[in-house]
Amino acid sequence: MARKAAIIGGGVIGGGWAARFLLNGWNVSVFDPDPEAERKIGEVLANARAALPALSDLPMQSEGVLSFAASITEAVEGADYIQESVSERLDLKHRVFAQIQQSSHGVPIGSSTSGFKPSELQEGAADPSVIFVAHPFNPVYLLPLAEVVPSARSDMALIERVKEVLREIGMFPLHVRKEIDAHIADRFLEAVWREALWLVKDGVATTEEIDEAIRMGFGLRWGQMGLFETYRVAGGEAGMKHFMAQFGPCLTWPWTKLMDVPEFNDELVDLIAGQSDAQSGHHTIRELERIRDSNLIGFLRALKDRNWGAGKVLRDHDARRAVALAAEVPQGAPMVMARMQVLPGWIDYNGHMTESRYLFASSETVDAFLRFIGADVEYVKTGFSYYTAETHIMHLGEARVGDALTGSIQVLAADEKRIHLFVRIEKAGEVLATLEQMLLHVDMAAGKTCAAPQMILDRVLPLAAAHDALPRPDAAGRHVGQRKA
Ligand SMILES: NC(=O)C1=CN([C@@H]2O[C@H](COP(=O)(O)OP(=O)(O)OC[C@H]3O[C@@H](n4cnc5c(N)ncnc54)[C@H](O)[C@@H]3O)[C@@H](O)[C@H]2O)C=CC1
Ligand SMILES: C[N+](C)(C)CC(=O)CC(=O)[O-]
């Protein structure tokens, strides 16, 4: 049965948490007194649905059920995990924890706070041991980092369980060992922000010039190696020691105004906001979110190919899910093997899903089937695999961006060397395309077909026999231009 997350506070960050849990198969109950919360979460969720599936190489899990509760008590009822994401005010957070703990006992309560220490959050709580910081980064559904900060009063066994929950939903829990205001990452963001405010206030640079200075240079480097590994490389062959010797003295030169804070008055706010409008005001916030998400997807995908940094987290998440998927027995015949989401990049100039994506959707379906019968990545490493010899596609309907698709498999026939498959790509029961495909078992080194091993035949031959009882699809055996019978 799906587990339940309660999200208290459904703004920018609560909405992101809701999407992250839902798309990873959890049921989610949100409480937020804002009458607009449901609409806002719906928009965040639409962006997440368009973005997150693009990071996975496995079919997405079935989405959990989203509900909106009328009270905190209703939201937390039966919850396995609670995430507080209300506005950054300590008195408000204390009130919310008190209400949560009137009806929830022993359930982990993570706080999204950007800066409060866990010991501050725990003050006056009925059970402080279950309250801790789980600080995410926006967009929560795409960025893996969650700083997990316990205090001396925390239940450390519970913290370990929480870290596992975060890994299960594809996140990277960074255990912050010593509590400190603003944890680790926000201290950097604060430093950069202060410096940038000074540069604008002093008329040295505009908001746009500052953003170019970041995104054309060091921002790209930081996303893949962070600070210290980057500086190690910058030290040349002599590494970090040389870097420190060369740039250490600059720390005492006037390279920063970090010690001072510019006066945060209306003049400064207007200056920054005006420049920001001139820079980006031609896009709505939702447009900017979608631009940000597709840039992040490209970046994360590149890191995933290299199994590096945040890309390694994505690979580990796929590997964990692959084990769970392999243990799952697909239901029904034909067997639903893949669930997909039509992404913006899949749409062509006709405004519907482009033809190459039907082959892609079928590949996802057939790959899941091959993993199911044991011809998975580990098997391929032994030098054997299935190759596609022939495909016939029939286009029967249209898909639009955001549509949820399923890919199902009917085994038409199978023997030692061949698997003859019929794939249906469907949207809510409507068949959009069928693909008939012949797969051949090959010895990859020899470049020749050969018999599949018994362990694969033991899985595929009974399926072929069982699917023999299904009606043979009309489209099976058709060729291009053939008249309908
Ligand atoms: N916006 C950001 O970039 C990040 C924010 N955070 C943290 O996440 C938390 C939330 O921030 P945002 O989502 O940005 O703020 P937000 O203003 O977008 O959302 C806060 C939500 O809390 C709701 N709320 C207020 N009182 C409530 C109550 N008693 N019960 C339930 N909901 C209530 C509001 O209606 C609002 O929808 C803060 O602690 C913030 O520091 C963490 C990471 C990044
Ligand atoms: C600006 N901020 C302090 C709320 C930022 C964060 O807490 C994390 C983020 O997503 O940048």
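This report walks through the overall build of a predicted protein model, then its core and a handful of individual residues.

## The big picture

Let's start with the whole protein. Its secondary structure comes to 16 helices and 14 strands. If you follow the C-alpha trace along its principal axes, the protein spans about 80 × 60 × 45 Å. There are 485 residues, and buried ones make up 42% of them.

How much of the contact map links residues that sit 24 or more positions apart? Taking contacts in the protein with a separation of 6 or more, such pairs account for 71%. On the outside, the protein exposes about 25300 Å², with carbon and sulfur atoms supplying 57% of that area. As for charge, there are 49 positive and 64 negative charges, and the mean positions of these two sets are 5 Å apart.

## Three domains

The domain assignment splits the protein into domain 1 (4-175), domain 2 (185-282) and domain 3 (329-467). Measuring between C-alpha centres, domain 1 and domain 2 lie 31 Å apart. Domains 1 and 3 have a link of their own, and the core below shows what that is.

## The nonpolar core

The largest nonpolar core has 99 residues. Which of them touch the most other members? That would be Ile8, Phe21, Phe369 and Ile373. Helix α14 (residues 355-372) is the top contributor, giving seven residues to this core. Where does the core sit relative to the domains? Domain 1 (4-175) and domain 3 (329-467) both supply residues, so the core lies between them.

Phe369 is a good residue to click on here. Setting aside residues up to four places away in sequence, Phe369 touches Met335, Met337, Ile409, Val411, Ile419, Leu421, Val460 and Leu463. Apart from this core there is another one, made of five residues, including Met394, Leu412, Phe422 and Ala475.

Ser362 is also found in helix α14. Its relative accessibility is 1%, so Ser362 counts as buried. Beyond its neighbours within four places in sequence, Ser362 is in contact with Val423, Ile425, Leu435 and Gln437.

## Two buried strand residues

Next up is strand β6 (residues 131-136), home to Val133. Is Val133 buried or exposed? Val133 has a relative accessible area of 0%, so it is buried. Not counting residues up to four places away in sequence, Val133 touches Ser111, Thr113, Phe116, Lys117, Pro118, Leu121, Glu147, Val148, Val149 and His183. For a sense of distance, Val133 and Thr73 are 60 residues apart in sequence, and their C-alpha atoms are 21 Å apart in space.

Gly110 sits in strand β5 (residues 109-111). Gly110 is buried too, because its relative accessible area is 0%. Leaving out neighbours within four places in sequence, its contacts are Tyr81, Ile82, Gln83, Glu84, Phe132 and Ala134. Gly110 and Ile180 are 70 residues apart along the chain, with 16 Å between their C-alpha atoms.

## Loops worth a look

Asn24 lies in the loop that joins α1 (12-23) to β2 (27-31). Although Asn24 is in a loop, its relative accessibility is 9%, so Asn24 counts as buried. What does Asn24 contact, leaving aside its neighbours within four places in sequence? The list is Leu52, Gln61, Glu168, Ile169 and His317.

Further along, the loop between β6 and β7 (145-149) holds Pro139. The peptide bond leading into that proline, from Asn138 to Pro139, is cis, with omega near 5°.

Two more loop residues have a positive phi without being glycine. Ala182, with phi near 70°, is one of them, and you'll find Ala182 in the loop between β8 (172-175) and α7 (185-201). Ala182 has a relative accessible area of 18%; buried means under 20%, so Ala182 is buried. Asn307 has a positive phi of about 50° and belongs to the loop between α12 (285-305) and α13 (310-327). Why does Asn307 count as partly exposed? Its relative accessibility is 33%, which falls between the 20% limit for buried and the 50% limit for exposed.

Key. Residues numbered from 1 in each chain as written. Chains lettered and ligands numbered in written order. Predicted model: local features only at pLDDT ≥ 70, side-chain atom pairs only at ≥ 80, totals over all residues. Heavy atoms only, no water. Core = buried A, V, L, I, M, F, W, Y, C linked by side-chain atoms within 4.5 Å. Buried < 20%, exposed > 50% of the residue type's maximum accessible area, 1.4 Å probe, protein only. Helix = DSSP H or I, 4+ residues; strand = E, 2+ residues; numbered from the N terminus. Domains from an automatic or database assignment. Contact = heavy atoms within 4.5 Å. Areas by Shrake-Rupley, 256 points an atom, 1.4 Å probe, with all protein chains shown as cover. Lys, Arg positive; Asp, Glu negative; His and termini not counted. Charge placed at Lys NZ, Arg CZ, Asp CG, Glu CD.
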